[in-house]
Amino acid sequence: MVDFPNTGNACLDNCLTNRKDLFSGCTPFNMLIKTDHIGVILSAGMKLKPMRRKFLFRDCRKHRKDALCKALAEQNWEAVQKANNVDEAVDYLSKRIPDFMNTCMPTKTISMSTRDPYWMTPLVKSMLKTKAKIPSHSCEKLKDINEKIAQAISNNRRNCKAVPMGSRKWWKDVDNKSQRSGPSPTVTLNQTSLTRLNQFFRELCQDEHYVEPVPLIVNANVNIPEVTEMQVWNALRKIKRTAMGPDGIPCWIWRNHAEIFTEVITKVWNLSLLTQTWPKAWKRSNINPLPKIDIPVEDGDFRGKCNTGDCKSL
């Protein structure tokens with residue numbers, strides 16, 4: 001591809017390809033460092049089509065989180081405090097918390113493109129779509145949303161400059177925009193295949209010699225240990241970032257609102273110790289089948305990726 005001398009009369013740089021139609025002509029340019037070497041630029045000869053993907057995200061701006069915190073603080077958790085069954089207490093939490101999240105921090109679906117600028121995020125694109133629906137005569141609303149969009153873009157630009165881009169992320173962005181390497185293989189399965197895979201994974205994790213333990217008969221004179229509120233608060237504050245479980249509650253809900261849930265979770269844990277049972281909801285997990293090969297044929301060609309609940313990891 002390099003058909004001109006770039007060091008004196010010699011052509012020292014070569015670029016070989018078997019798809020010349022994918023590139024335009026190679027052009028020289030002067031180097032910015034002190035050298036007699038002339039650089040070369042090989043431009044793309046065809047424009048790649050943009051790749052569009054849909055993202056489901058939750059609006060986690062500060063005012064949304066503040067509204068959620070206020071709603072959780074004002075909620076009466078008496079139903080959990082008075083529960084005599086640990087499953088009823090946990091099911092109430094698993095139902096009420098997502099309801100508050102959907103009300104205060106609704107989820108939205110946005111289509112993103114590889115041609116979007118680096119500061120374009122699903123949140124910014126969502127606000128731009130909202131702006132387009134505001135009538136032109138609503139000056140106050142337009143002014144307010146323009147300020148929010150400008151602030152979000154400014155923060156995104158500042159954050160991108162503050163965090164240096166390593167070679168791994170750089171090549172990942174290059175592969176994504178140039179479509180040099182495709183995404184990981186994905187397989188769409190119907191309900192019948194999913195049910196069969198669920199049975200397959202369950203049999204792998206099943207112990208034929210398992211014997212269900214018999215609940216102990218606790219003597220009335222034996223003091224059952226209790227978890228203190230300070231222990232629960234420390235455990236909630238130290239929750240590490242993990243994937244969401246089937247209940248759809250992210251880890252930061254427990255960590256950021258530890259002062260609200262400390263008394264509630266203390267009741268649940270002590271009730272679990274008292275009744276010698278562990279909540280069934282905290283035993284469940286999401287198993288995502290991932291193909292080991294490009295075209296899976298048998299059930300053994302899949303491996304399971306497990307996403308467990310957060311409180312279970314405590």
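Here are some worked exercises on the predicted model shown above.

**Exercise 1. Work out how spread out the protein chain is, taking its radius of gyration against the globule rule.**

Step 1: Start with the inventory. The protein chain has 10 helices and six strands.

Step 2: Now the radius of gyration. It comes to 28 Å for the protein chain, while the globule rule gives 20 Å for 314 residues, so the chain is more spread out than a compact globule.

Step 3: Look at the box too. Along the principal axes, the C-alpha atoms fill roughly 100 × 60 × 40 Å.

Step 4: Add burial and surface. Buried residues account for 27% of the 314 residues. The accessible surface is about 22500 Å², and carbon and sulfur atoms hold 54% of that.

Step 5: Finish with contacts. Take those in the protein chain with a separation of 6 or more: 61% of them join residues 24 or more positions apart.

**Exercise 2. Find the buried side of helix 1 and say what it packs against.**

Step 1: Check the geometry. Helix 1 runs over residues 62-74, which is 13 residues, and its first and last C-alpha atoms are 18 Å apart, close to the 18 Å expected.

Step 2: Pick out the residues under 20% relative accessible area. In helix 1 these are Leu68, Ala71 and Leu72. They cover an arc of only 95° around the axis, which puts them on the same side of the helix.

Step 3: Recall the helix repeat. With 3.6 residues a turn in an α-helix, residues three or four places apart point the same way.

Step 4: Turn to the other side of helix 1. There you'll find Lys62, Lys70, Ala73 and Glu74, which are exposed.

Step 5: Name the partners. The buried residues of helix 1 pack against helix 3 (86-104), helix 9 (251-256) and helix 10 (258-275).

**Exercise 3. Do the buried-side analysis for helix 7.**

Step 1: Helix 7 covers residues 191-204, so you're working with 14 residues reaching 20 Å from first C-alpha to last, close to the expected 20 Å.

Step 2: Its buried residues are Ser193, Leu197 and Phe201. Their arc around the axis is only 70°, which puts them on the same side of helix 7.

Step 3: The face turned away from that side carries Gln191, Thr192, Asn198 and Arg202, which are exposed.

**Exercise 4. Which residues touch the most other members of the largest nonpolar core?**

Step 1: This core has 33 residues, and the ones touching the most other members are Leu68, Trp77, Ile97, Phe261, Ile265 and Val268.

Step 2: Ask where the members come from. Helix 1, helix 3, helix 8 (229-237), helix 9 and helix 10 each give two or more residues to this core.

Step 3: Zoom in on Val268. Ignoring residues up to four places away in sequence, Val268 touches Val80, Val86, Ala89, Val90, Leu93 and Trp282.

Step 4: Don't miss the other core. Apart from the largest one lies a core of 13 residues, including Phe57, Ile110, Met120 and Ala152.

**Exercise 5. Decide whether two loop residues, Gln75 and Lys280, are buried or exposed.**

Step 1: Gln75 sits in the loop between helix 1 and helix 2 (78-81). Its relative accessible area is 17%, so Gln75 is buried.

Step 2: Beyond its neighbours within four places in sequence, Gln75 is in contact with Tyr92, Arg96 and Phe100.

Step 3: Lys280 is in the loop between helix 10 and strand 5 (285-291). At 54% relative accessibility, Lys280 counts as exposed.

Key
Residues are numbered from 1 along each chain as its sequence is written. This is a predicted model: local features need pLDDT of at least 70, side-chain atom pairs count only at pLDDT 80 or more; totals for chains, interfaces and linings use all residues. Side-chain values use heavy atoms; hydrogens and water are left out. Helices (H or I, at least four residues) and strands (E, at least two) are DSSP runs, numbered from the N terminus. The expected span of a helix is 1.5 Å times one less than its number of residues. Buried means under 20% relative accessible area, exposed over 50%, partly exposed in between (1.4 Å probe, protein chains only). The arc is that of the directions from the helix axis to the C-beta atoms. Contact means heavy atoms within 4.5 Å. A nonpolar core is a set of buried Ala, Val, Leu, Ile, Met, Phe, Trp, Tyr and Cys residues joined through side-chain atoms within 4.5 Å. The radius of gyration is taken over C-alpha atoms; the globule rule is 2.2 Å times the number of residues to the power 0.38. Accessible areas come from the Shrake-Rupley method with a 1.4 Å probe; for residues, only the protein chains shown count as cover.
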